Structures are given as C-alpha cells and as structure tokens.
Amino acid sequence: MTRALVVDDQFLVRAGLVALLRAAGIDVVGEAGDGEEAVAQAAATRPDVILMDIRMPGMSGIAATERILADAEDPAPRILILTTFDLDEYVYSALRAGASGFLLKDSGPERLLNAVAAVGGGDTLFAPSVTRRLVEAFARPAEHAQRLTSDLSALTARETEVLRLTARGLSNLEISDHLFISEATVKTHLNRAMSKLDLASRAQAVVLAYESGLVTPGGGRRAGC
C-alpha cells in the first residue's frame with residue numbers, strides 16, 4: 001500500500017486530499033500545513049509519496065523539497081508538486097530541486113489518483129510534454145554549465161542519447177521505437193545516467209539536460225530535429 005504525506009497550508013484543501021486518498025485505499029501517514037512541518041513529518045513517517053503545495057507561509061514547498069530529499073534515507077520519497085499554474089517558475093525550481101512531477105490543483109480526482117500511482121510506482125515524470133514546455137520556458141544555461149558538461153562525459157553514448165530524448169519530452173515507449181531498443185533497455189540506460197549524475201528524478205534529469213546545453217529550447221522532440 002502506498003504511504004502518502006499531504007502538505008498544504010489550506011485546511012479544507014488538505015482535508016479533501018486526505019479524504020480522497022484514503023477512499024482510494026492509500027495510507028495517509030501524515031499531514032502538514034507548512035514546509036517546516038512537512039520536513040519533520042517526512043522524517044518521522046517516511047512516506048512513499050508526498051503531495052506538496054508549492055506556495056506556503058514560512059518555508060516554501062521548494063525549500064521543503066530540497067530539505068526532504070537531502071535528508072531522506074534510501075529510498076527517498078517521490079514528491080508531487082501541487083500548483084495552480086503549470087507554466088510557473090516556482091514549479092520549475094521544485095523540479096530542479098528533485099521533485100518527481102507536478103499536478104494542477106484543479107485536476108479531477110481520477111487524474112490525481114493516477115498521478116500518485118504513477119509517481120509511487122517509480123514513474124518520475126507526470127505529463128512529460130507539459131514538463132518539457134515548463135523547462136523550456138524557464139531554463140537558462142547555468143553558471144556551472146561547464147561542470148555539468150563535464151559530468152555528462154561520464155555517460156555512455158547511448159545513455160546520453162536516452163537522456164537527450166527524455167529531455168525532449170519523449171516517453172520511454174517513444175524512445176524505444178526511435179532507437180530500436182526495448183522499453184526495459186531505455187529504463188536501464190536512463191536509470192544508469194541518473195545514478196551517475198546523482199539525480200533524484202526524471203524531471204531533474206530534464207532540467208540538467210537543458211542547463212548543461214545538451215538540449216536547447218525549441219530543439220524539437222526528436223534527436224537531430
């Protein structure tokens with residue numbers, strides 16, 4: 001059974017999320033009304049998935065995400081950001097910090113539950129095409145781009161290509177079709193690349209690909225486009 005922590009500063013929103021998750025058979029192990037409380041609850045309850053509001057008084061969802069992932073024992077929780085706007089620089093910063101994906105607050109119950117199931121099952125990117133648009137809107141070459149490029153040199157050619165196609169918004173199935181390899185092999189290459197780069201999520205891998213210059217905004221969805 002998936003263990004979830006719900007973080008939102010609005011009591012009614014938080015109570016609604018808790019009721020929905022419990023009705024679906026998800027074990028809600030804790031609730032928090034701000035980022036500081038979320039960090040404490042995450043350490044105490046060790047949830048599989050955290051639904052994290054991004055704008056809260058005091059410690060924000062971004063700062064809480066960074067703290068939780070930095071302090072977490074393996075396996076780290078998957079953090080699903082709850083937001084009002086999809087093209088939001090705050091969401092980009094949360095993905096950069098290692099959040100596994102994001103979901104609009106006005107999404108219906110079915111989509112929310114599907115997102116929790118996907119993230120809890122290890123799918124670290126929800127709605128990859130939307131995440132790609134988000135990253136393209138806010139990514140800038142990082143000041144440490146040269147170091148990031150050096151880090152990428154540790155990857156094999158195939159791992160680099162899988163990372164590039166992932167950053168361009170292709171699903172594992174689309175990548176397998178494009179490279180004529182199995183979907184399981186795609187996952188293996190991506191997981192190895194993420195491990196070598198010390199990345200917490202697929203979304204974080206997309207951010208790194210753009211900030212390092214491996215992929216550029218408007219570069220198309222497929223290699224060579």
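Which residues of H10 are buried? They are Val186, His189, Leu190, Ala193 and Met194, where buried means under 20% relative accessible area, exposed over 50% and partly exposed in between (1.4 Å probe, protein chains only). Seen down the axis of H10, these buried residues fall within an arc of 130°, so they line one face of the helix; the arc is that of the directions from the helix axis to the C-beta atoms. An α-helix has 3.6 residues a turn, so residues three or four places apart point the same way.

This is a predicted model, in which local features need pLDDT of at least 70 and side-chain atom pairs count only at pLDDT 80 or more, while totals for chains, interfaces and linings use all residues. Residues are numbered from 1 along each chain as its sequence is written, and side-chain values use heavy atoms, with hydrogens and water left out.

**Helix H10**

H10 spans residues 183-196. Helices (H or I, at least four residues) and strands (E, at least two) are DSSP runs, numbered from the N terminus. The 14 residues of H10 reach 20 Å from the first C-alpha to the last, close to the 20 Å expected at 1.5 Å a residue; the expected span is 1.5 Å times one less than the number of residues. The buried residues of H10 pack against helix H8 (157-167), helix H9 (172-179) and helix H11 (202-211), with contact meaning heavy atoms within 4.5 Å. On the face turned away from the buried side, H10 carries the exposed residues Ala184 and Ser195.

**Backbone in the loops**

Aspartate 198, which follows H10, has a positive phi near 55°. Two other residues with positive phi, neither of them a glycine, are listed below.

| Residue | Phi | Loop | Relative accessibility |
|---|---|---|---|
| Arginine 46 | about 50° | between helix H2 (35-45) and strand S3 (49-53) | 44%, partly exposed |
| Phenylalanine 180 | about 60° | between H9 and H10 | 76%, exposed |

A cis peptide bond, with omega about 0°, joins aspartate 74 and proline 75. Proline 75 is in the loop between helix H3 (61-71) and strand S4 (78-83).

**Threonine 83**

Strand S4 also contains threonine 83. With a relative accessibility of 1%, threonine 83 counts as buried. Apart from neighbours within four places in sequence, threonine 83 is in contact with Ile54, Asp88, Val91, Phe102, Leu103, Leu104 and Lys105.
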